[in-house]
Amino acid sequence: MFDLAKVSAAFKDAGIEFSAGAKQLFDASLDHARYSFSPDIVAYAKSGADVSGVLKVAGRLEIPVTVRGSGTGCSGGCVPISGGIVLDLSGLNFIEIDPLSRIAHVGAGAVTAEVDKAANAFGLFYAPDPSSHKYSSIGGNIACNAGGLRALKYGCTRDNLAALAVCLPDGETIKCGLPLRKFSAGPNLRDLFVGSEGTLGVVTEAWLRLLPMPKARRAALSFFDGDEEGFRGVEKILLSDITPCILEFMDSETLECVRIRNPQMGIGKGKSALLAEFDGTESEADEGARRFVEILSEYGARMAKTEAEAEEFWQVRRKSSQAMYELGDSKVSQDIVLPFGAVCDFFRFFKALGRELHLATPVFGHAGDGNYHIHFMYFADEKNARERALEGMDKAIVKTVELGGAVSGEHGIGFLKSKYMPAQHSGRQISLMREIKKLFDPKNILNPGKVYSVTDISGLHPLRGVKLPWD
Ligand SMILES: Cc1cc2nc3c(=O)[nH]c(=O)nc-3n(C[C@H](O)[C@H](O)[C@H](O)COP(=O)(O)OP(=O)(O)OC[C@H]3O[C@@H](n4cnc5c(N)ncnc54)[C@H](O)[C@@H]3O)c2cc1C
């Protein structure tokens, strides 16, 4: 326990905004996964100097600091499981566009979609587009190496990042990389911070790469008679001469839920579905969609002829996440990545597991990256249902790793997935990661208890009935 009055006084002296009000503490206590742990105080940084000030106070008094962007994370990364200070970066949100260098220089709290919008004014765009882009922050995207729908063509956050400013736990800020096209002056420390989930340093500024905006987009959709036919459709596209920017799969359980929840959409007969989008010049986008339809002609694939029809296609995907709640009021989910050749094997295993455990198992996701969001749905009031879901997920993760896959493709580890780190990495790898953590953060004040330490979540329960802005 620490002296809250001392911390408040230090923040006041440094001119840092803070609150210990009940609402502010609650809002800072959870992310999208809804496991709530209250901090003792929330500090609101508006500048790099504020971040440095907070870290100096925390270091001096040895108080844990959990960095928070927008709180859309799905792994409990920004949840203050050890109490202490939540450092909220949403106010550090400047955006400057340099069209000559095709670089956006932004504060870590800048919202992803706002960066894209600012770039659009110069005929440029920021490619990474997590589905949460209207809310998520660039700092959070960097900390989790967020992917997005367009990752198939444009890569994840790491691939679109030029340089970073990072405040280290002792309060000193360093610049990692430069906003140049090339940089080969020794190991680039930038890459250590990407995916480090706020455990090594606090990203305060980022220089992001921008691209010329595509002139056109075309959507195409195919339904299949079953899930495995759908995966065969994915293989046909990946083996072909076309590169969609988006390739999203919805399995039969997911599609059925969308159908039940949204009868007005008039979704046709198919069981699973594959949505693709192509971008580029008018003729490139047209040609991509035309070839998609040709390659999947035996399944009756269609290309959207109008913007309105494209939006109808998109609705099938957009409704998936919420529609799954037809199958239960709670879920245990992961965002695994599978080698393309192992998708059908995993899928058969996962569905059999669901039958054995009497749980629904909808799957959808970024098929072009082999990155699937897998779910065990359950009703929280049903006896042992959550235990069964957790047990099922443990087995699914072991299988994923056995098949050569990854426990997370974009959501990160936080504390909710830390128990899977030993399945993914050898003891030597984990001890190297811990050494790196110790080097940057010898007092272990930044996001303690996350990523490298295993947390048992079996006794924890997510809050129900809490509405978040993106729901
Ligand atoms: C509806 C929905 C859809 C989603 N879709 C996708 C998707 O398509 N692709 C995808 O990748 N993710 C997706 N996500 C997950 C989430 O949006 C991303 O992980 C996002 O990058 C989190 O950003 P945030 O600002 O909300 O971070 P937070 O949740 O606030 O924090 C996430 C982690 O980053 C750390 N962090 C935050 N800011 C900083 C900083 N400045 N410096 C150091 N560490 C920091 C935190 O400590 C924490 O560990 C989705 C989430 C939701 C709710």
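In this predicted model, I would like to start with helix α3, residues 48–61, which lies across two strands, β8 (161–167) and β10 (202–209), and runs at about 150 degrees to β10. A second helix, α4, covering residues 112–120, lies across β5, β6 and β10, and its direction makes an angle of about 40 degrees with β5.

Now to the sheet that these strands belong to. It is an open sheet of 5 strands, in the order β5-β6-β10-β8-β9, and the pairing is antiparallel. Which strands stand at the edges? They are β5 (95–98) and β9 (173–176), and each has a single partner strand, so one side of each is left without a neighbour in the sheet. From one strand to the next, the twist averages 15 degrees. If you look at β5 together with strand β6, residues 103–107, you will find that the two run antiparallel and are joined by 4 bridges, and that E96 stands opposite H105 in β6.

Let me turn to a pair of helices. Two packed helices are described by the angle between their axes and by the distance between those axes. For α13 (residues 343–357) and α14 (residues 385–402), the angle is about 160 degrees and the axes are 10 Å apart. Angles over 145 degrees count as roughly antiparallel, and α13 and α14 are therefore roughly antiparallel to each other. Their crossing is right-handed. On the α13 side the contact is made by F346, F349, F350, L353, E356 and L357, while α14 contributes R388, E391, G392, K395, A396, K399 and T400. Sorted by class, this contact of α13 with α14 has 6 nonpolar, 2 polar and 5 charged residues.

Definitions and conventions
Residues numbered from 1 in each chain as written. Predicted model: local features only at pLDDT ≥ 70, side-chain atom pairs only at ≥ 80, totals over all residues. Heavy atoms only, no water. Axes fitted to C-alpha atoms, helices over the stretch in contact; angles between N-to-C directions. Parallel < 35°, antiparallel > 145°, perpendicular 65-115°, else oblique. Left-handed = near helix turned anticlockwise from the far one by under 90°. Contact = heavy atoms within 4.5 Å. Nonpolar A, V, L, I, M, F, W, Y, C, P; charged D, E, K, R; others polar. Pairing = 2+ DSSP bridges.
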